[in-house]
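Biologist: I'd like a close look at the aromatic side of this fold, please. Take one ring as your starting point, and then walk me outwards to the other places worth a look.

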Amino acid sequence: MIRRTLAATGLISATLLAAAACSAQPAAGEKPFSGTVVADFESPWAMTVLPDGRMLVTEKAGGMLLVSADGKQRQTVATITVDSAGQGGLMDVVLAPDFATSQRVYFSYSSAGAGGKGVVLARGRLRPDGGGGERLGEIEVVFSARPFVEGNGHYSGRIAFSPDGKYLFFTNGDRQKFTPAQDPKVTLGKVLRLTLDGKPAPGNPLAGKGFAPEIWSYGHRNLLGIAFDAQGNLWEQEMGPKGGDEVNLITPGQNYGWPNASNGSHYDGRDIPDHKPGDGYAAPKVSWNPVISPGGLMIYSGSMFPQWKGDAFIGGLSSKSLVRVDLNGTKAAKGDQWDMSARIREVEQGPDGAIWVLEDGGESQGRLIKLTAR
């Protein structure tokens, strides 16, 4: 108020005002947020925030925990039988669009079965347990990837609901098998659009062309983040091979190229043709080489960091970073990349606009950290 009055009376110059504003910004190299450790977990994979500020957190071994907003109280609400070898485990967890009335929670995990292993989509209801706590009951599997195959990698398993709440988008990784991503008959290497009951959604773009009826887009590798922005655009990030991590704008029926096109190379050094105009494949909006190893994706909509409203945030695993991507309509560009000194598996937004990150729990402690504006 004093500064505004002085400026109005001409006693402080515009130059001094600008200098004062700049001095309030973080110094060069300083993060524009402060981090507070709230809790610590055993190899956490994902989290979601309830309307009252509590959180559901999944752990790789199969435990789903309900955690208080301050991290001081927790209880195990479900223990899911998972195949946790390699990249497997209890994966994503997302509240149903009508959670306030249905208490439904959707989650994904890796499971062993006929033919090998695959990613599974399930749901349950979070109810009082009669003893002062809560439990996730009425659990049912609503979809399983096809086919199950041998191996312990590239399950993906990320979940997003359409803005109208009618459909569920579910990512199925290529399971490190490469060619299934281009196979129209299988769900591997695809983004799927399902009903809330796990059935193929009506009107999927490729069903009339002989594709599996669930498929929304194809030619993907290991899809570890998917989210809608405020305009209804669907964004997805996936791990590339040796180089070529991607952020993609997902549009119905598109082929995103894997393994025929990538801005990276095979791990043995063999080249993969880069994305280029006219190759028939949808190119990424942003790609990284060297990689960031993306884990988790969140589109920011809060007010705590107004300068980032509408931008995407990605956890960096091997890069041990938090990555921001500038989103502008259907365009995207690299923003900030902050060193977090730990593998970041998940990024979420809290009710107050704070940004929450989960460490991976491999080389890291598995801590839940709340990031607030300085």
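**A buried ring and its surroundings**

Modeller: Happy to! Let's begin with Phe313, which counts as buried because its relative accessibility is 0%, where buried means under 20%. Please keep in mind that this is a predicted model.

To place that ring, start with the whole set: the structure holds 14 aromatic pairs. One of them joins Phe143 and Phe170, whose ring centres are 6.2 Å apart and whose planes meet at 85 degrees, so this pair is edge-to-face; the label applies to planes over 60 degrees apart. Phe143 belongs to strand β9 (residues 134–144) and Phe170 to strand β11 (residues 167–172), so the two rings tie together parts that are 27 residues apart in sequence. Phe143 and Phe170 are both buried.

Your starting ring has another geometry: Phe313 and Trp338 make a stacked pair, with 6.4 Å from centre to centre and 10 degrees between the planes. For a stacked label, the planes must be under 30 degrees apart, and pairing itself asks for centres within 6.5 Å. This pair, too, links distant parts of the chain, with Phe313 in strand β19 (residues 312–316) and Trp338 in strand β21 (residues 331–339), 25 residues apart. Trp338 is buried as well, since its relative accessible area is 9%. Stepping back from the pair, Phe313 and Trp338 belong to one aromatic cluster together with Phe33, Tyr300, Phe305 and Trp308.

From the rings we can move on to the open spaces. The largest pocket holds about 970 Å³ of space. It is lined by 36 residues, and those closest to its centre are Val94, Ala227, Phe228, Ile299 and Glu348. Several strands share the wall: β2 (44–49), β6 (90–95), β10 (156–161), β14 (222–228), β18 (294–299) and β22 (344–349) each give at least two residues to the lining. Sorted by class, that lining has 22 nonpolar, eight polar and six charged residues.

The second largest pocket holds about 300 Å³. Of its 21 lining residues, Trp45, Gln87, Arg343, Arg345 and Asp360 are the closest to the centre. Strands β2 and β14 turn up here too, each with at least two residues in the lining of the second largest pocket. Its lining divides into seven nonpolar, ten polar and four charged residues.

What about enclosed space? A search of the whole structure finds one cavity of 30 Å³ or more, and the volume of the largest cavity is about 50 Å³. Among the residues that line it are Tyr256, Trp258, Met239, Pro241, Glu238 and Arg221. By class, the lining of this cavity has five nonpolar, four polar and three charged residues. Trp258 deserves a second glance, as the peptide bond from Trp258 to Pro259 is cis, with omega near 0 degrees. Pro259 sits in the loop between β16 (245–250) and β17 (286–288). A second cis bond runs from Arg146 to Pro147, with omega near -5 degrees, and Pro147 is in the loop between β9 and β10.

Finally, an arginine that you may like to inspect. Arg125, in strand β8 (residues 116–128), counts as buried because its relative accessibility is 17%. A polar atom of the Arg125 side chain lies 2.8 Å from the backbone oxygen of Ser102. Beyond its neighbours within four places in sequence, Arg125 is in contact with several residues, including Ser102, Gln103, Leu136 and Glu138. Gln103 has its own quirk to check: its phi is near 60 degrees, a positive value in a residue other than glycine. Gln103 is placed in the loop between α3 (99–102) and β7 (104–113). Arg175 also has phi near 60 degrees; this residue lies in the loop between β11 and β12 (190–195), and it is buried because its relative accessible area is 3%.

Notes:
Residues are numbered from 1 along each chain as its sequence is written. This is a predicted model: local features need pLDDT of at least 70, side-chain atom pairs count only at pLDDT 80 or more; totals for chains, interfaces and linings use all residues. Side-chain values use heavy atoms; hydrogens and water are left out. Helices (H or I, at least four residues) and strands (E, at least two) are DSSP runs, numbered from the N terminus. Buried means under 20% relative accessible area, exposed over 50%, partly exposed in between (1.4 Å probe, protein chains only). A polar contact is a pair of N or O atoms within 3.5 Å; within protein, one must be able to donate a hydrogen and the other to accept it, and residues adjacent in sequence count only if both atoms are side-chain atoms. Contact means heavy atoms within 4.5 Å. On a 1 Å grid over the protein atoms alone, a cavity is a set of points where a 1.4 Å probe fits but cannot get out, and a pocket is an open set with protein on both sides within 12 Å along at least five of seven lines; lining residues have an atom within 4 Å of a point. Grid points are joined across faces, edges and corners, and a volume is the space filled by probe spheres set on the points. Ala, Val, Leu, Ile, Met, Phe, Trp, Tyr, Cys and Pro count as nonpolar, Asp, Glu, Lys and Arg as charged, and the others, Gly among them, as polar. Rings of Phe, Tyr and Trp (its six-membered ring) pair if their centres lie within 6.5 Å; planes under 30 degrees apart count as stacked, over 60 as edge-to-face and the rest as tilted.
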